[in-house]
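Student: Hi! Could you walk me through this one? I have it open and would like to go piece by piece.

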Amino acid sequence: MKFSCNYFVYIVYVYINYNKKVQKVKFGFFYGTNTGVTEIVSEQLAEVLKENKIEVDLFDIASTPLEKLKDYSYLIIGTPTWNDGELQDDWEEVFTAWCKFDFTGKKVGFVGTGDQEAYCDNYLDAIGRMAKPVRENGGEIFGRWPSDGYVHKHSLGQDSDGMWVGLAIDNDNQEELTEDRINKWVKQIKIELGI
Ligand SMILES: Cc1cc2nc3c(=O)[nH]c(=O)nc-3n(C[C@H](O)[C@H](O)[C@H](O)COP(=O)(O)O)c2cc1C
């Protein structure tokens with residue numbers, strides 16, 4: 001009798017863990033763009049996620065209410081930086097609400113686009129500006145990225161240890177590296193998130 005009770009507990013344990021493993025991760029990927037670069041990069045990245053059998057819904061924040069973020073536990077945020085360290089226009093419009101958003105339980109990855117040469121003191125500032133409220137409001141950042149191979153001088157998009165808060169893209173100067181960076185980032189987040 002004791003044996004069968006333990007056995008039952010064991011079966012329930014195995015079942016719960018099996019279900020955890022097969023539960024599919026689906027990313028809500030929200031991007032903003034002024035001149036289309038971040039849209040192209042976001043589409044490329046979404047394609048690579050799909051090739052890796054990872055589900056993703058892609059939204060332009062210009063035509064999507066911020067509330068839509070609530071539908072996803074796993075978020076990817078794509079944004080360029082504009083005007084010497086400022087946010088992209090559509091992200092700027094929702095930024096007050098973004099700063100109040102409850103990110104509790106959400107894992108958030110960033111993809112930033114910018115120009116590290118012409119804007120070397122503000123390259124990718126926007127991802128740093130946007131990551132701050134995520135951390136302050138209960139979210140967890142994934143997909144931080146090493147800063148080797150970039151020539152900028154200063155950025156709010158870097159943590160104190162020098163890592164970018166997300167994937168750093170520069171199609172103005174290093175477009176030839178974008179595909180490889182995206183592929184490596186997807187490999188990295190698969191390991192990091194165990195998906
Ligand atoms: C007027 C202007 C200001 C810019 N300011 C910045 C900046 O402060 N930091 C940065 O990294 N890139 C800056 N950029 C570069 C853009 O962020 C980059 O071209 C980006 O890929 C554009 O993305 P989008 O087409 O999705 O809007 C600026 C570009 C222009 C034309």
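Student: Let's start with N83. Where does N83 sit?
Tutor: Happy to. N83 is in the loop between β3 and β4 (86–87). Keep in mind that this is a predicted model.

Student: And what is phi of N83 near?
Tutor: Phi there is near 55°, a positive value in a residue other than glycine. Most residues other than glycine have a negative phi.

Student: Is N83 buried or exposed?
Tutor: N83 is partly exposed, because 13 other C-beta atoms lie within 10 Å.

Student: Which other residue has a positive phi although it is not a glycine?
Tutor: L124 is one, with a phi of about 65°. L124 belongs to the loop between β5 (107–113) and α4 (125–136).

Student: Buried or exposed, that L124?
Tutor: L124 has 33 other C-beta atoms within 10 Å, so it counts as buried.

Student: OK, zooming out. How many helices and strands does the protein have?
Tutor: There are 5 helices and 7 strands. Starting at the N terminus, the order is α-β-α-β-β-β-α-β-α-β-β-α.

Student: What box do the C-alpha atoms fill?
Tutor: Taken along the principal axes, the box is roughly 75 × 35 × 30 Å. Of the 195 residues, 37% count as buried.

Student: What share of the contacts comes from residues 24 or more positions apart?
Tutor: Such pairs account for 76% of the contacts with a separation of 6 or more.

Student: Now the strands. How do β1 and β2 pair?
Tutor: β1 (residues 26–31) and β2 (residues 55–60) are parallel, with 6 bridges. Y31 stands opposite D60 in β2. Between these two strands the chain passes through α2, and that β-α-β crossover is right-handed.

Student: And β5, how many of its residues are buried?
Tutor: 7 of its 7 residues are buried, so the cover is seen on either side. K107, G109, V111 and T113 point one way, while V108, F110 and G112 point the other way.

Student: Which strand is joined to β5 by 7 bridges?
Tutor: That is β3, which runs parallel to β5. In this pair G78 stands opposite V111.

Student: What about β6 and β5?
Tutor: Those two run parallel as well, joined by 3 bridges. V108 stands opposite I141 in β6. The chain gets from β5 to β6 through α4, again in a right-handed β-α-β crossover.

Student: And in which sense do β5 and β7 pair?
Tutor: In the parallel sense, over 3 bridges. Here G112 is the residue opposite A168 in β7.

Student: Switching to the core. How many residues are in the largest nonpolar core?
Tutor: It has 43 residues, and those with the most contacts inside it are F27, F29, L75 and M130.

Student: What is L75 in contact with, leaving aside its neighbours within four places in sequence?
Tutor: F27, G28, F30, L69, K106 and V108.

Student: I also clicked on V165. Where does V165 lie?
Tutor: V165 is in the loop between β6 (140–142) and β7 (167–169). V165 is buried, because 27 other C-beta atoms lie within 10 Å. Not counting residues up to four places away in sequence, V165 touches F110, I127, G128, A131, I141, R144, G157 and D159.

Student: How many Å is V165 from T81?
Tutor: 14 Å, C-alpha to C-alpha, with their positions 84 residues apart in sequence.

Student: And Y7, why does that one count as exposed?
Tutor: Y7 counts as exposed because it has 10 C-beta neighbours inside 10 Å, and the cut-off is 12 or fewer. Y7 is part of helix α1 (residues 2–22). From Y7 to G166 the C-alpha distance is 45 Å, and the two are 159 residues apart in sequence.

Student: Last topic, the ligand. Which residues come nearest?
Tutor: Of the 23 residues around the ligand, T35, V37, T38, P80 and G114 come nearest.

Student: Which elements each supply at least two residues of that shell?
Tutor: α2 (37–51) and β3 (74–82) do. The largest share, 3 residues, comes from β3.

Student: How do the shell residues divide into nonpolar, polar and charged?
Tutor: The shell has 6 nonpolar, 13 polar and 4 charged residues.

Conventions:
Residues numbered from 1 in each chain as written. Predicted model: local features only at pLDDT ≥ 70, side-chain atom pairs only at ≥ 80, totals over all residues. Near = placed C-beta within 6 Å. Helix = DSSP H or I, 4+ residues; strand = E, 2+ residues; numbered from the N terminus. Nonpolar A, V, L, I, M, F, W, Y, C, P; charged D, E, K, R; others polar. Buried ≥ 20, exposed ≤ 12 C-beta atoms within 10 Å, placed from the backbone. Contact = placed C-beta atoms within 7 Å. Pairing = 2+ DSSP bridges. Right-handed = clockwise from strand over helix to strand, strands pointing away. Core = buried A, V, L, I, M, F, W, Y, C linked by C-beta atoms within 7 Å.
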